[in-house]
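Me: I'd love a close look at one part of this model, the strand that comes earliest in the chain. Could you walk me through its surroundings?

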Amino acid sequence: MNKDQLIQIANQAMWAEKEVPSFKSGDTITVTYKIVEGNKERLQSFRGVVIQIKGRGVTKMFTIRKVSNGVGVERIFPLYSPHIDSIVVNKLGVVRRARIYYLRNLTGKKARIKERRA
């Protein structure tokens, strides 16, 4: 075995692609991820609207936005992170863009996204 084959085997073991539901920007999803504090582990959920998906392959990342107590919160997740426990698609949205940054400037009813029927 040469060096390249060993690197490829290590990458496959580290970045084992798990079952991920298909979603795109505009969809509302809930991401449950593990938080490690010392020797304790706990699960925390983050529910919001996907505003962008970028990258490809094992480096694919997505950004979720939610409004918490009147403050907009955005979080970027690597799609194949070992810390992500589950991803659940709650609503399918109808948007015409791949990156919906305009959502940052909207508040109230203007910030709603039409729902697509599955």
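Reply: Happy to! Let's begin with a term: a residue is called buried when its relative accessible area is under 20%. In this predicted model, strand β1 spans residues 28-37 and is mostly covered, with seven of its ten residues buried.

Now for the neighbours of β1. With strand β2 (residues 40-54), β1 pairs in the antiparallel sense, and ten bridges link the two. Two places let you read off the register: Thr-32 stands opposite Ser-45 in β2, while Lys-34 has Leu-43 of β2 as its bridge partner. Follow the chain onward and you reach the hairpin of β1 and β2, where two residues lie between the strands. One detail to look for in that hairpin is Gly-38, which takes a positive phi near 65 degrees.

Strand β5 (residues 84-91) also runs antiparallel to β1, and six bridges join them. Here Tyr-33 of β1 has Ile-84 in β5 as its bridge partner. As a general point, side chains in a regular strand alternate between the two faces of the sheet.

Stepping back, β1 belongs to an open sheet of five strands with antiparallel pairing, in the order β4-β3-β2-β1-β5. The edge strands are β4 (71-78) and β5, each of which pairs on one side only. From one strand to the next, the twist averages 40 degrees. So, in that order, β1 sits between β2 and β5, with ten bridges to β2 and six to β5.

Note on methods. Residues numbered from 1 in each chain as written. Predicted model: local features only at pLDDT ≥ 70, side-chain atom pairs only at ≥ 80, totals over all residues. Heavy atoms only, no water. Buried < 20%, exposed > 50% of the residue type's maximum accessible area, 1.4 Å probe, protein only. Helix = DSSP H or I, 4+ residues; strand = E, 2+ residues; numbered from the N terminus. Pairing = 2+ DSSP bridges. Axes fitted to C-alpha atoms, helices over the stretch in contact; angles between N-to-C directions.
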